[in-house]
Each structure stands twice: as structure tokens, then as C-alpha cells.
Amino acid sequence: MKTVLAQLKFDSRRLILRNFSFQFFSILMPAGFYLLFTKVMVSGTASERFSLQYMASMIVYSGTINGLFGIAAILMHDREKGLLQWYQLTPSGVQPYYLSMGFWSMAMNGIAIMVLGTLAVVVNQVSLTGSQWLAVAGVALIGQLPTLLLGVLISFINRPETLSVVSNLITFPMAIISGLWWPMSMLPSWLQPIGKLMPTYFVNNWLGAVATHATLETTNVIGVGAWIGILLILVIGTTRQLLKRGDGIVKA
């Protein structure tokens, strides 16, 4: 237990407190977008429904940035620097490392939920009950799993430069075509069917329905589940292949 707590303390500093990229790109940037599109670039006052839906979109966007940029880069860095091999040689092994990474990955999204939720309440005076906030947090954390798994998958790329390019090529197009920045109705008609297959589209709709009291469409829940299943299979299969090659991956 002491080892796990020590690992949590160590990772809290490098993943949260000293991680400027997380603070800026996963927290400040979505918060800035939220204020821009709900207060600055609107005529009059934005409706509560729009304020809640856009809060949900920015929570999903923050989790996408965190998974595809932050977590992917950290996993690659730790593998390249031999940190995993070093942990494997210790009596406690690599389990505390993976437990800590999983915990802080979720906690980072939790921080984004608190910041964006606070902005929605204070700036736009939205009103949700305690059970609704818990539901928003639960859906947001579950909905983060596809992008986290995608981040784990692309972290297996060998070169940091290539990882950065791949992260950019996935994150921003996916955010745009799945309707996180602006409504999908503004996109070309041929692009909308592609956007409706993205994991961020399913999560955004699911989270928006919970936040705005809208009818929950089961296709969104099924879509999130399908993406989690597919990516989990890919991560497990890729990990097994890399273990055979001894490519910096170690068993948990």
C-alpha cells in the first residue's frame, strides 16, 4: 500500500502539478472555448440547454486531448527512458505504476469536469441536481475510456515526432467532424455520416442527453461500448506482439 501511495504522490506531481501541457491544453483551452462560445460570440444570453450541451462537448474535448496527447506521450516517455524496466526489477513490480496511471488519467478528466461545471454554474447560471452532476461525472469518466485506449494504442509508436503528428491528425479532425466545436449540421452532408461514427460523437450525445434531460438514445451507449471493445482488443493484441519482441513493454 505504501508503494502505491508513493507512486500516486510521484505521478501527481509530474502529471498534474508540473504538467503545463495538461493545465493549458486540457483545462484552460476547453474552459476558454466554453466562455468564448457561450458568452463572447453569442448575441444576448445563451440558453441553459446550449450552455449545458457545450459544457458536455468541452468535457469530451478535454478528455480527448488528455488521452491522445498527454497520456500517450507519458507512456511513450516512460517506456523509452526504461522506467517500466526499472519498476519491473523492484519488489513491487509495475502494478503500482499502472494503478497510478489509471487513477490519475481519470482524475485529470475529473478536474476538467469540475472546472467546466463551475464555469457553467457561475458564468451561465445552469442548474443541475446533485444526482445529475454525479451522472454527468460517471458518463464522462466512462466515455473517456475510448480515447484513453486510443492514447495507449498510439503510445506504441516508436518516435516522439511521429506520435505528435499522429495525435494531431486524429484529435482535431475527430473533434471537428464529431461536433465538439460546432454543430454537425454546419458540416458538409458527406462528412456528417463519418462524424457520427466517431467515439467522441457517441460520448458527446450521451453526456449532453444526461446534462440537458433529453431522451437517451441507446445507440450512443452501444457506440461507446463498441469502441471500448474494439480498442481493448487492439491494445491487448498489440501489447502481446510487442512483448514477444521485447520492445520496451513489460508484463504487469
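Helices here are DSSP runs of H or I with at least four residues, numbered from the N terminus. The structure is a predicted model, in which local features need pLDDT of at least 70, side-chain atom pairs count only at pLDDT 80 or more, and totals for chains, interfaces and linings use all residues. Residues are numbered from 1 along each chain as its sequence is written, and side-chain values use heavy atoms, with hydrogens and water left out.

Ser167 sits in helix α8, so that helix is a handy place to start. Helix α8 covers residues 160–177, and its 18 residues should span 26 Å at 1.5 Å a residue (the expected span being 1.5 Å times one less than the number of residues); the end C-alpha atoms are indeed 26 Å apart, so the two agree. Ser167 has a relative accessible area of 2%, so it counts as buried (under 20% relative accessible area; exposed is over 50% and partly exposed in between, with a 1.4 Å probe and protein chains only). Beyond its neighbours within four places in sequence, Ser167 is in contact (heavy atoms within 4.5 Å) with Leu68, Phe69 and Ile154. The other buried residues of α8 are Leu163, Thr171, Met174, Ala175 and Ile177. The buried residues of α8 pack against α3 (48–80), α7 (145–154), α9 (192–195) and α10. Just past the end of α8, Gly179 takes a positive phi of about 85°.

Helix α10 (residues 199–212) also packs on α11 (residues 218–245), at an angle of about 140° and with the axes 8 Å apart. Axes are lines fitted to C-alpha atoms, for helices over the stretch in contact, and angles run from 0 to 180 degrees between N-to-C directions. That angle makes α10 oblique to α11, as angles under 35 degrees count as roughly parallel, over 145 as roughly antiparallel, 65 to 115 as roughly perpendicular and the rest as oblique. On the α10 side, Pro199, Tyr201, Phe202, Val203, Asn205 and Trp206 meet Thr219, Asn220, Val221, Gly223, Val224 and Trp227 of α11.

Now for a couple of backbone oddities. Most residues other than glycine have a negative phi. Gln125, not a glycine, nevertheless has a positive phi of about 55°; it lies in the loop between α5 (95–124) and α6 (130–143) and is exposed, at 55% relative accessible area. His213, in the loop between α10 and α11, has a positive phi of about 65° although it is not a glycine either, and His213 is exposed too, at 57%.

Definitions and conventions: Helix = DSSP H or I, 4+ residues; strand = E, 2+ residues; numbered from the N terminus.
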